[in-house]
Amino acid sequence: MNTIFFLCGMTAILSVVVITLYMVLSGLPAIREIGLADFLFGKVWKSTAKDPQFGILPFILTSLYGTGGAILLGVPVGLLTAVFLSKVAPRRVANVVRPAVELLAGIPSVVYGLIGMIVLVPAVAKTFRLANGTSLFAAILVLAIMILPSIISVSETALNAVPPEYEEASLALGATKIETIFKVSIPAARSGIAAGVVLGVGRAIGEAMAVMMVAGNVANMPELFKSVTFLTTAVSKEMSYASGLQRQALFSIALVLFLFIMVINVILGCILKKKGGDK
Amino acid sequence: MDIITTNNLELWYGSFQALKGIDMKIPEHQITAFIGPSGCGKSTFLKTLNRMNDLVPGVKITGEILYHGQDIYAPEVDVTWLRKRVGMVFQKPNPFPMSIYDNIAYGPRLHGTHSKAELNDLVEQSLRGAALWDEVKDRLKKSALGLSGGQQQRMCIARALSVQPDVLLMDEPTSALDPISTMKIEELMSDLKQQYTVVIVTHNMQQAARISDRTAFFLLGEMVEFDETERMFSMPSDKRTEDYITGRFG
């Protein structure tokens, strides 16, 4: 029986190892051929031109800006929602909002993309008088909503875990409830909240489908109201017809994305470890 | 001179009546102790004095509590003002997960003191007031969670003093502490009464006898007897008080 447990455990580990090896092995050749600096910092991506260019800086920056924008919008909304659920809302209201948030997490990304495409993109075009609403901005809005559930639920758990004695001490010193939340509860829950934010970053940077449907997928350097391509969508939109060096370069993009995700996971691991150390 | 007076104070948790018709006059610059068995209402009563019971859902309070003649449950009373004037120390030491300095400066900052010099003064003054300054003056920027239990509790007293209250409510402040820390806090209380009015709930009758000027005995939500401590412990006027302090129940 122990062998079965062991084998099941090994499946996960083996998958990680195999995927990592595969990504590195298949991602390196193109980088070697193109040159690391030209690949990472080249501003032009023309994979199918007669004289192809493989600079992925536009994708990297788009992914960073897109994720940053989503965090900028999503974190305040998510954190305040978590505060509302944990400290402010009457139980009956919280019991309606909480499942709604969980449901939001369960919606497939293609549905986000679809609604973004049909509703959001035209609305962006109309509001900002653009010829075309597919843009970094539309992608940021969609991503901001997609990362809400992880930020909300992780932050709420962290806020619920703040010992009530801290809050009592603050109230007994003459703090109002709001002062207590912002000066005691949130700081006491900050490592949990940070974990939620990092999870959100991971989700945003790895998202492909929804982004592909609203971002326009042109290899522009990122601008808020221009069509852009993310690291994820750069791979997925060309993979079906790519060949040769172009195909290899797509693997290299995936490797870069993979490294980003790894870094985020390491950061998350550090935060959670430190949190454990506090107790 | 009485600083707090209660008239026919009654309190319900839902349909359970936790306090029954309490009339009490708490004298200024004295230590008043509340004793009684668990569940007798002494802590509940203490928490009505700074309205910490407001936080409990389903609480209903009738009667009046006058603080310097002002009814603290009157609608125009600002609870944050009241809690600043009537400070509280809890059963379990509850320092914030911040530095010692920030713990003490928390209250003053809240109430609008931001000048560094003023804060430094207040922190020192408060820690001296709680007889903790000499022990922590070299590690003010270190986390308060690194202090021992007894030091944490004195830090909580210092934190309560930092907003310059005139009443200090203490809810079994030594029940989580070892005998030496307990002794230090008891000594401290005698000093505190020069400047503050101290009201303490205690499980420990010897503690009440040692430190308090007046003692109130609570039983099942009633205040059975309230008298000078010496008198109460030598010749209680109520049979139930006598049974309790001689250890026949409780």
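1. A small definition to start us off: helices (H or I, at least four residues) and strands (E, at least two) are DSSP runs, numbered from the N terminus. With that in hand, helix α6 of chain B, residues 149-161, can be placed: it lies across β6 and β7 (167-171) of chain B and runs at about 170° to β6(B). Please keep in mind that this is a predicted model.

2. Helix α7 of chain B (residues 179-195) packs on the sheet as well, where it touches β3, β7 and β8 (197-201) of chain B. The direction of α7 makes about 140° with that of β8(B).

3. Now for the sheet itself. It is open, has 6 strands and mixed pairing, and follows the order β6-β7-β8-β3-β9-β10 in chain B. At the edges stand β6 (86-89) and β10 (222-228) of chain B; each has a single partner strand, so one side of each is left without a neighbour in the sheet. From one strand to the next, the twist averages 20°.

4. One pairing is worth following by eye. Strands β3 (residues 31-35) and β9 (residues 214-219) of chain B run parallel and are joined by 4 bridges. Within this pair, B:I35 of chain B stands opposite B:F217 in β9(B).

5. Finally, which elements of chain B give two or more residues to the side that touches chain A? They are α2 (79-85), β6 and α3 (100-110) of chain B. Contact between the chains involves 18 residues of chain B and 13 residues of chain A. On the chain B side, the residues divide into 8 nonpolar, 6 polar and 4 charged. Strand β6 of chain B thus appears twice in this note: at an edge of the sheet and among the elements on the side that touches chain A.

Definitions and conventions. Residues are numbered from 1 along each chain as its sequence is written. Chains are lettered from A and ligands numbered from 1 in the order in which they are written. This is a predicted model: local features need pLDDT of at least 70, side-chain atom pairs count only at pLDDT 80 or more; totals for chains, interfaces and linings use all residues. Two strands pair if DSSP finds at least two bridges between them. Axes are lines fitted to C-alpha atoms, for helices over the stretch in contact, and angles run from 0 to 180 degrees between N-to-C directions. Two residues are in contact if their C-beta atoms, placed from the backbone, lie within 7 Å. Ala, Val, Leu, Ile, Met, Phe, Trp, Tyr, Cys and Pro count as nonpolar, Asp, Glu, Lys and Arg as charged, and the others, Gly among them, as polar.
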